[in-house]
Amino acid sequence: MKRIFFMLVAFTLILTSMNTQTTLAKTDNDKKRIRELTRLVEQDDKKSRILWYDLSANLFNLDTPEKVRNIVEKTANANIDTIILDIKNSTGFVAYNSEIAPHISTSKIPKYQGYPENYDLLQTVITEAKKHDIKVHAAINTFSEASTTYQDGPAMHHPEWQTTYYTAIQKVKAADGSTIELTGINTTRGQDHLVLYTPSKYEETPTNRWGVEVQVIDDVITQVSDRNTTGAPPVQVPDKGYVISGNGTARTWILEHLKVGDQVSVTDMETKFVKGQDYTPSHSTFVNPIREDVQRYELSIIEELVDNYDVDGIVLDRARYSSIYADFSDLSREKFEAYIGKKVENWPTDIFEIKVENHERKNVPGPLYQKWIEWRAGNIQSFFQKAEKLIHKKEPETFFSTYVGSWYPDYYSEGVNWASRTHHPEYDWASPDYHKKGYAETLDFIMTGNYFVDVTKEEAVASGRPDWHSVEGSAEIAMDAINYSTFNYGSLYLNQYINDPETFRRALQMAVDKTHGIMIFDLIYLEMFDWWYIVEEEFAEESESPHHIKKYMDLVREDK
């Protein structure tokens, strides 16, 4: 017995020693990666240069081989090394020869009409890009599978896939007891819409004249202006009240039920669950990312691209929940309850409750809010792990990446933690275990959108905004969250700099200086604004993408 005992002790000591050595080796690798990737930011000749070709925006600018040839040549002349080709857009239609997803030429969406039948945009771009040694990464809009506006796309043929939204219907109640549903608060007023405008955002209504507007102070109607008839100017939004603005059928209801001097209420709320195709705040119909059939479908598209095309990388876009209000299906409740090990007694208010405070909607967190945020982020992390495993098992040299917004303090609402697992966010929405759901380690690189008009932190503060609402500040937040677990390429939305080319130039310089490279969104704006010359000037010197340099890529992939 003693002999067996000593053997067990010896075996335990050996295992402990091996685990200790493994841990120390991992720690050393982490330190080396962080050190090298930190230094890499300072090396101007090792910066990635990426241009995004959006499918919808450039649909008829790239619909022939001749047009593609011209655009790719411009891309090459600008010393851009990588094209990200959006090949499956937010409607779920694709522009390559797929046996899985519908071709965009088959869509009934008006702006897609006339697109060449079976035209393979992906292969056309790959063929032209190879002539200039430009890499092509195929981007797919992952969990967005139809147009809500036009009710067209794969999610319409699979209504069971669609995400379920938790929403609350806010109603306007007239003195005579009649009610009507509000379309939104501080949003654009469309046809037949009824919108409420508050002083926190507007001094006067931002609407056109084709409607009627009701000024309310202390819940009493003080003015009714039928601008549709009189052509009167916008109505002032009072400090102690609001304005109700209606078009079409909403205008008719207002004229029939609301009069100066009457009491009116906008606090009545009714909780409601809505399928994606009926959720009008979103133009895209999202699907529930935890459904196994949805995941199989999305992974099969990735597999098809890797198997059939010589792509250099796969990029996931919209690989997330659509908003904080998704998904509240029965399946999500069941899976969440399994995750926390108990029933949710008050659904969905134990997650959060939608209330009206000072005439505005507000989400009030419940006791399970942090755990819900954590669980959703874990669901997306799990999908990224599956996608990475699929891609690199089939094609180890194919790069795997994603695009996200750089506004990390707010991005949790999309159900995503794109940070490193080593990053511990200190926000009131973050649970103690939220950091464990980060997916940065699965990526070969990440593109974070520094989509802000102000370039420097000082400019943002001077504009009355937080300092991270700037290219500089958001880049710093992103680099901190990713913690050098992978390469981060700052990204710019060019339309924010319309008519201001020099601010675009400064933003470009800032994003490059603060991160490992740049992604420019989108091709269409370089064409529309004729800004190719700026990119050519800024990229005049040769540079190499960090993910193309083996010693750096090895460090990143050791972190998986």
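**Briefing: two pockets and two helix pairs**

Strand 13 (284–286), strand 14 (313–317), strand 17 (399–405), strand 20 (517–521) and helix 14 (523–529) each supply at least two residues of the second largest pocket's lining. The model is predicted. The largest pocket has a volume of about 1,200 Å³; the second largest has about 1,000 Å³. Two helix pairs are also described: helix 2 with helix 3, and helix 7 with helix 9.

**Second largest pocket**

- Strand 17 gives the most to this lining, with 4 residues.
- The volume of the second largest pocket is about 1,000 Å³.
- Its lining counts 42 residues, and the closest to the centre are Asp54, Ser90, Asn141, Asp317 and Arg318.
- By class, the lining splits into 21 nonpolar, 13 polar and 8 charged residues.

**Largest pocket**

- In the largest pocket, 37 residues form the lining.
- Thr183, Gly184, Tyr279, Thr280 and Pro281 lie nearest its centre.
- Strand 5 (164–173), strand 7 (184–185), strand 12 (265–275) and strand 16 (360–365) each supply at least two lining residues.
- Strand 5 provides the largest share, 5 residues.
- The class count for this lining is 11 nonpolar, 19 polar and 7 charged residues.

**Helix 2 and helix 3**

- Helix 2 (residues 65–77) packs with helix 3 (residues 121–130) at an angle of about 45°, and their axes are 9 Å apart.
- Helix 2 is therefore oblique to helix 3.
- Their crossing is right-handed.
- From helix 2, Pro65, Val68, Arg69 and Val72 take part; they meet Leu121, Thr124, Val125, Glu128 and Ala129 in helix 3.
- This contact has 6 nonpolar, 1 polar and 2 charged residues.

**Helix 7 and helix 9**

- Helix 7 (residues 292–308) and helix 9 (residues 369–394) pack at an angle of about 25°, with 10 Å between their axes.
- Helix 7 is therefore roughly parallel to helix 9, because angles under 35 degrees count as roughly parallel.
- The crossing of helix 7 and helix 9 is right-handed.
- Helix 7 contributes Gln295, Glu298, Leu299, Ile302, Glu303, Val306 and Asp307 to the contact.
- Helix 9 contributes Phe383, Lys386, Ala387, Leu390, Ile391 and Lys394.
- The residues of the contact of helix 7 with helix 9 divide into 7 nonpolar, 1 polar and 5 charged.

How values were computed. Residues numbered from 1 in each chain as written. Predicted model: local features only at pLDDT ≥ 70, side-chain atom pairs only at ≥ 80, totals over all residues. Heavy atoms only, no water. Axes fitted to C-alpha atoms, helices over the stretch in contact; angles between N-to-C directions. Parallel < 35°, antiparallel > 145°, perpendicular 65-115°, else oblique. Left-handed = near helix turned anticlockwise from the far one by under 90°. Contact = heavy atoms within 4.5 Å. Nonpolar A, V, L, I, M, F, W, Y, C, P; charged D, E, K, R; others polar. 1 Å grid on protein atoms, 1.4 Å probe; cavity = no way out; pocket = protein on both sides within 12 Å on 5 of 7 lines; lining within 4 Å. Points joined across faces, edges and corners; volume = space filled by probe spheres on them.
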